[in-house]
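User: I'd like to go through this structure bit by bit. Can you take my questions as they come?

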Amino acid sequence: MAMFPVPDIDIDLSHHRILVTNDDGIHSEGIDILEEAARRLSDDVWVVAPEFEQSGAGHSLTLSEPLRYRQYGDNHYAVRGTPTDCVVVAMSHVLADHRPTLLLSGVNRGSNLGEDVTYSGTVAAAMEGTLLGIPSIAFSQVFAPPQDGEMIIDWTSARTAVEPMVRWLMSFKWDADALMNVNFPDHRMGAIEGVDVTIQGRRDLSDILLEERMDTRGQPYYWIGYRRGLEEPKSKTDLKAVRERTISVTPLHLDLTHSETRKAMIESLEGPASGE
Ligand code: MN
């Protein structure tokens, strides 16, 4: 698998107005790391993020309730809504007179690999930025499952590599339809080996489980959890890269058309000879 050193590109991004958001909420540790990195790149940094955790919110919009936000000090706004709401509030309202030119989302507490991207609010915020026409990058910090019930998240990889990753990604022009999905490997497995440009992988098993519990009044309630299995991830995938202590960056796009299937369907209607 191709692996490259983490690039160190000398590029001036100080003219950018950077919008920082996430799905873990404005008080999470990962967004502080992302904001610190953004402030090393530009003085014009704005944080518009969910007031409460929105992990798993995907690309949802709040449509059936009023949307409210509060300002916290300079340049910080907490939105009672989803990550997508935050991007909309920032671009269409708070910063409408001078829109951000770069969107950074994260750093998510946990991976956004393979099928995760379809649930992820972190990635969805970057999708929204892309739809609104600005380069958008989602960042996630992988961590190992809890050992002996103890949950340890080591943010070292994110802390050291967000800034060079932004500089490298912004050093070339990418298609306006694409967004970047960056995952940092778990530092506790060892130092970062490099960076790899990957494809979206898929786990062997990704079952959503519904666990039933009882409240104090004998009424059942439920927690969604998941059971995941992965033997050896396929080569070139995001799942494989982080396992090999490599930063994974996958360019994603919003065109969900499955072209092969579409072709087969057209052939079925027209007959294979006539083509398109
Ligand atoms: Mn999250």
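**Strands, metal and cores**

Analyst: Sure. One pairing to start with: Asn181 has Thr250 in S11 as its bridge partner. Bear in mind that this is a predicted model.

User: Which way do S7 and S11 pair, parallel or antiparallel, and over how many bridges?

Analyst: S7 covers residues 178–184 and S11 covers residues 246–253. Their pairing runs in the antiparallel sense, and the number of bridges is six.

User: What are the edge strands of the nine-stranded open sheet?

Analyst: The strand order is S3-S4-S2-S1-S5-S6-S7-S11-S8, with mixed pairing. An edge strand here pairs on one side only. That leaves the two ends of the order, S3 and S8 (194–197).

User: How much are neighbouring strands of this sheet turned against each other on average?

Analyst: Direction is ignored for this one. On average, the turn between neighbours comes to 20 degrees.

User: Which residues coordinate the manganese ion?

Analyst: The donors sit at 2.1 to 2.2 Å from the ion. Along the sequence they follow the spacing D-D-x30-S-x52-N. Put names to that and you get Asp23 (OD), Asp24 (OD), Ser55 (OG) and Asn108 (OD1).

User: How many residues apart are Asp24 and Ser55?

Analyst: This pair links distant parts of the chain. Asp24 is in the loop between S1 (18–21) and H1 (29–41), while Ser55 is in the loop between S2 (45–50) and S3 (69–71). They are 31 residues apart.

User: Why does Asp24 count as buried, and what does Ser55 count as?

Analyst: The cut-off for buried is under 20% relative accessible area. Asp24 comes in at 12%, so it counts as buried. Ser55 has 39% relative accessibility, so its label is partly exposed.

User: Which element gives the largest share of the largest nonpolar core?

Analyst: That core has 36 residues, and Ile137, Phe139 and Val166 touch the most other members. Several elements give two or more residues, including S1, S5 and S6. The largest share is seven residues, and it comes from H4.

User: Which strand does H4 run at about 155 degrees to?

Analyst: H4 (residues 156–169) lies across S5, S6 (136–141), S7, S8 and S11. The strand for that angle of about 155 degrees is S7.

User: What follows H6?

Analyst: H6 (residues 259–270) reaches 16 Å from its first C-alpha to its last, close to the 16 Å expected. After the helix comes a residue with a positive phi, near 90 degrees: Gly271.

Terms used
Residues are numbered from 1 along each chain as its sequence is written. This is a predicted model: local features need pLDDT of at least 70, side-chain atom pairs count only at pLDDT 80 or more; totals for chains, interfaces and linings use all residues. Side-chain values use heavy atoms; hydrogens and water are left out. Helices (H or I, at least four residues) and strands (E, at least two) are DSSP runs, numbered from the N terminus. The expected span of a helix is 1.5 Å times one less than its number of residues. Donors are N, O and S atoms within 2.8 Å of the metal (3.2 Å for Na, K and Ca); water is not among the atoms, so sites may look incomplete. Buried means under 20% relative accessible area, exposed over 50%, partly exposed in between (1.4 Å probe, protein chains only). Two strands pair if DSSP finds at least two bridges between them. Axes are lines fitted to C-alpha atoms, for helices over the stretch in contact, and angles run from 0 to 180 degrees between N-to-C directions. Contact means heavy atoms within 4.5 Å. A nonpolar core is a set of buried Ala, Val, Leu, Ile, Met, Phe, Trp, Tyr and Cys residues joined through side-chain atoms within 4.5 Å.
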